[in-house]
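Colleague: I would like a close look at one part of this model. Please take the aromatic cluster and what packs around it.

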Amino acid sequence: MDENLIKQYWLDFARRYCNQNFNEDNLPLVVQLFLDMKIKAYRENPNVKSESLSDMSITYFDKELSAEEANLLGQVRKLKVP
């Protein structure tokens, strides 16, 4: 999987999470930061979220957002209104 596909996947995720249709050419800064964080994490290791050498602990990514990522997207999230 290349970085462009990763970006498209997480942009689609951000659109659904925030209930907004973002223009790819004019993304809010917080969405761009979110995408950069996700691409950086993929570059470092696509499966590992964090590592600790002192006790050899490895945490793998799951489909949830970190608190920092949720805070970023929370700034542009719209609530669903019935």
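Modeller: What follows goes from the rings to the charges beside them, then to the core and one helix.

First, the ground rules. This is a predicted model, in which local features need pLDDT of at least 70, side-chain atom pairs count only at pLDDT 80 or more, and totals for chains, interfaces and linings use all residues. Residues are numbered from 1 along each chain as its sequence is written, and side-chain values use heavy atoms, with hydrogens and water left out.

Now the rings. A search of the whole structure finds five aromatic pairs. Rings of Phe, Tyr and Trp (its six-membered ring) pair if their centres lie within 6.5 Å; planes under 30 degrees apart count as stacked, over 60 as edge-to-face and the rest as tilted. Tyr-9 and Trp-10 pair edge-to-face, 5.0 Å centre to centre, with 85° between the planes. Trp-10 also pairs edge-to-face with Phe-13, at 5.2 Å and 70°. Trp-10 and Phe-13 both lie in helix 1, three residues apart, about one turn of the helix. Helices are DSSP runs (H or I, at least four residues), numbered from the N terminus. An α-helix has 3.6 residues a turn, so residues three or four places apart point the same way. Ring pairs join Tyr-9, Trp-10, Phe-13, Tyr-17 and Phe-34 into a cluster.

Next, burial. Buried means under 20% relative accessible area, exposed over 50%, partly exposed in between (1.4 Å probe, protein chains only). Trp-10 is buried at 12%. Phe-13 is buried at 15%. Tyr-9 is partly exposed at 42%.

Two charges sit over rings. The criterion is NZ of Lys or CZ of Arg within 6 Å of the ring centre and within 35 degrees of the ring normal. The charged end of Lys-38 is over Trp-10, 4.1 Å from the ring centre. Arg-77 lies over the face of Tyr-17, 4.0 Å from the ring centre.

Lys-38 has a second partner. Its side chain makes a polar contact with the side chain of Glu-69, at 3.1 Å. A polar contact is a pair of N or O atoms within 3.5 Å; within protein, one must be able to donate a hydrogen and the other to accept it, and residues adjacent in sequence count only if both atoms are side-chain atoms. Glu-69 lies in helix 3 and is buried at 7% relative accessibility. Leaving aside neighbours within four places in sequence, Glu-69 is in contact (heavy atoms within 4.5 Å) with Phe-34, Met-37 and Lys-38.

Then the core. A nonpolar core is a set of buried Ala, Val, Leu, Ile, Met, Phe, Trp, Tyr and Cys residues joined through side-chain atoms within 4.5 Å. The largest one has 17 residues; Trp-10, Phe-22, Val-31, Phe-34, Leu-35 and Leu-73 touch the most other members. Helix 1, helix 2 and helix 3 each supply at least two residues. Helix 1 gives the largest share, six residues. Leu-35 touches Lys-7, Trp-10, Leu-11 and Leu-27, not counting residues up to four places away in sequence.

Last, helix 3 (residues 67–74). Glu-69, Leu-72 and Leu-73 are its buried residues. Seen down the helix axis, they fall within an arc of 90° (taken from the directions from the axis to the C-beta atoms), so they line one face. Their cover includes helix 1 (3–18) and helix 2 (29–44). The face turned away carries the exposed residues Ala-67 and Asn-71.
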